[in-house]
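These are my notebook entries on a structure that I had not looked at before. I set down each item in the order in which I looked it up.

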Amino acid sequence: EIVLENCTTYLDVDGSEKKMTNEKREYFKSVIQEFASDALRCVAMAHRSRIDTIAKNVATITLAECEKKLEKDMCLDALVGIADPLREDVIDAVATCQHAGIFVRMVTGDNLETARAIARQAGILTEDGISMTGEEFRKLTPAELDEILPKLQVLARSSPEDKHILVQRLNGGLIPETKEAWEEVHPGHDFEKEKDLLLPGYKDEWDRTRGGVGEVVGVTGDGTNDGPALKAADVGLSMGLSGTDVAKRASDIIIMDDKFSSIVKAVLWGRSVFDNIRKFLQFQLTVNVVALTITFLSALVGYNPPLNAVMMLWVNLIMDTMGALALGTEPPTMDLLDRRPYRRDASLISRPMWRNIFIQATYQLSLLVFLLNKGPQMYNCEDGSSHHFTIIFNAFVFCQVFNEFNAREIGDVFDPFTNLGRSPMFLLVIVFTVFAQWLIVEFGGDFTQTTPLTFSEWRSTVGYGAMSIPVGFLMRLVPVSEDPSTFAGLSRKEGFKQDNSWLGALVLALLPFLVAIVYQLAWEVEELKH
């Protein structure tokens, strides 16, 4: 369109130059539109004759002088439509991202009609989606842009600065925070009068509209001018084959094969790392709650702690190093793409995780108190002896071993043994923990204050630990769901009622067990006194 506007003549079929009439100009515009609607990139070729009469030395003329003096009053030679078909993986990859709750936007320098046609082919532009040009985009106020952002899917004829502003408005990254910073971005403008009129806005105004929490934004780019947008994004992705060095340095991830489907892999692995951290936290907090509670309650009622310092060190090793290795190396599954992404301020510990932690901790605490009380009679040992405490220690450790299988799922799905073949590190950690526990119990002696156990005692204590698996099944039947407001893309302005009644109900349900535990420990102390 720009080249056509600077043409005053055109080359006819017989090779002669003819004056560009309004009718002919409109005809050429319709050809451009037709090419664009067919997803063709339109290129106009033009020339200007006798430039030696305009510029004295063409070899030394600058780009600015060329644009000002030579690139006008030209002759239009041809209009060419270039087909740039979508790669085979793009359509499926875009659909996968959208299914995973990711909003895909197209920001391009192409003609608006071309961009619309390509976006429709890729599945980016929907029936109710909004598409606009960079010129229209730049005229919007921050408030107007916020209104259309949920449906803005295509931005055509855009500049790199438009891309940068869009990222800033979405995530608040690098948005001007002070009056001085705003005036640096908008030189010659009055902050007090125009602060709510010019993009990208300012920090205080942005915080008020979003509660200080923006979207998590990923940006792809390959050009030098994409650097600012890649920097402002939460995750910048540059092209390894076609990207410039500037874009690669500004990005966080380099896509080595330049395929959009590789972005899906990055999303999958990112979610896997996040979930693995949650799995580890669920496992670790359960161990912490049980170990600290039983030690605290024992001290509270005057009973010797059943787990001595060396035992606690071994439990900490299982909880930290071994747990992190086992649960932190779980491979990703495609199920991770069946949910929406979490907001950046979402809690690491979800409602279902709290449920799992409380119920497993209650079972383990109840088991330990039961063994404190009934262990001497059941196993024919002296109350409070090393033999008695070794039985409690062994049952507690195997509770953690089997609870690691439960911790592989943090939601309502109960399938603790799925894909074990794809988790060699998990299996290795389990085998090492069991073998090391056997060595500590059988050969620890005075150092660990343990006593070797009989086969029957091993069988029963391992069985107590294995009960964590059916408890894991039963606890997932308790109806506790994720908080909807923790997922991205769902506005808190629309209002999600914060229903925390489940937590109170769960605490009330577990309270009798905790009271019974304290009472039983107190009764034990009184019995020992007599």
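**Entry 1. A nonpolar patch on the surface.** I began with leucine 474, which is exposed, with a relative accessible area of 52%. The model I am reading is a predicted one. I located leucine 474 in helix α21, which covers residues 468-475. I then looked up which residues share a nonpolar surface patch with it, and found Phe414, Phe473 and Leu477 beside Leu474 in a patch of about 390 Å². Phenylalanine 414 sits in the loop between α17 (386-406) and α18 (424-443). I recorded phenylalanine 414 as partly exposed, at a relative accessible area of 30%. Between phenylalanine 414 and leucine 477 I counted 63 residues of sequence, while their C-alpha atoms are 9.7 Å apart in space.

**Entry 2. Another residue of the α17-α18 loop.** I noted that asparagine 419 also lies in the loop between α17 and α18. Its phi is near 55 degrees, which is a positive value in a residue other than glycine. Asparagine 419 has 36% relative accessibility and therefore counts as partly exposed.

**Entry 3. A buried salt bridge.** I stayed with the loop between α17 and α18 and turned to arginine 408. Its salt-bridge partner is glutamate 330, with the closest N and O atoms 2.8 Å apart. This pair links distant parts of the chain: glutamate 330 belongs to the loop between α15 (309-328) and α16 (351-379), arginine 408 to the loop between α17 and α18, and 78 residues separate them. Are these two residues buried or exposed? I found both glutamate 330 and arginine 408 to be buried.

**Entry 4. Salt bridges of arginine 41.** The structure as a whole holds 19 salt bridges. I followed arginine 41, which forms a salt bridge with aspartate 84 at 2.5 Å between the closest N and O atoms. Here too distant parts of the chain are linked: aspartate 84 is in the loop between β4 and α4 (90-99), arginine 41 is in strand β3, and they are 43 residues apart. Aspartate 84 is partly exposed at 44% relative accessible area, and arginine 41 is partly exposed at 28%.

Arginine 41 also meets the side chain of aspartate 110 in a salt bridge of 2.8 Å, N to O. That pair spans 69 residues, from strand β3 to the loop between β5 and α5 (112-122), where aspartate 110 is placed. I entered aspartate 110 as buried, with a relative accessible area of 13%.

**Entry 5. The pairing of β3, β4 and β1.** Since arginine 41 led me to strand β3, I looked up the pairing of that strand. Strand β3 (residues 40-47) runs antiparallel to β4, and eight bridges hold the pairing. One of the partners I noted is leucine 79 in β4, which is bridged to alanine 44. On strand β4 (residues 74-83) I also found strand β1 (residues 7-11), joined in parallel by three bridges. There, tyrosine 10 has leucine 76 of β4 as its bridge partner.

**Entry 6. An open sheet.** Which strands form the open sheet, and in what order? I found three strands in the order β5-β7-β6, with parallel pairing. β5 (106-107) and β6 (130-133) are at the edges and have a single partner strand each, so one side of each has no neighbour in the sheet. For β6 and β7 (residues 152-156) I recorded four bridges in the parallel sense. Methionine 132 is bridged to leucine 155 in β7.

**Entry 7. Two backbone details.** The peptide bond from leucine 199 to proline 200 is cis, with omega near 5 degrees. Proline 200 is in the loop between α10 (191-194) and α11 (203-210). Leucine 174 has a phi near 60 degrees, a positive value in a residue other than glycine. I placed leucine 174 in the loop between α8 (160-171) and α9, where it is exposed at a relative accessible area of 59%.

**Entry 8. A negative patch.** I closed with helix α9 (residues 179-185), which contains glutamate 183. Glutamate 183 counts as partly exposed, at 32% relative accessibility. On the surface, a patch of negative charge gathers Glu180, Glu183, Asp190 and Glu192.

Note on methods
Residues numbered from 1 in each chain as written. Predicted model: local features only at pLDDT ≥ 70, side-chain atom pairs only at ≥ 80, totals over all residues. Heavy atoms only, no water. Pairing = 2+ DSSP bridges. Helix = DSSP H or I, 4+ residues; strand = E, 2+ residues; numbered from the N terminus. Patch = residues over 30% accessible without salt bridge, like charges linked within 9 Å, V, L, I, M, F, W, Y side chains within 5 Å. Areas by Shrake-Rupley, 256 points an atom, 1.4 Å probe, with all protein chains shown as cover. Salt bridge = Lys/Arg side-chain N within 4 Å of Asp/Glu carboxyl O. Lys, Arg positive; Asp, Glu negative; His and termini not counted. Charge placed at Lys NZ, Arg CZ, Asp CG, Glu CD. Buried < 20%, exposed > 50% of the residue type's maximum accessible area, 1.4 Å probe, protein only.
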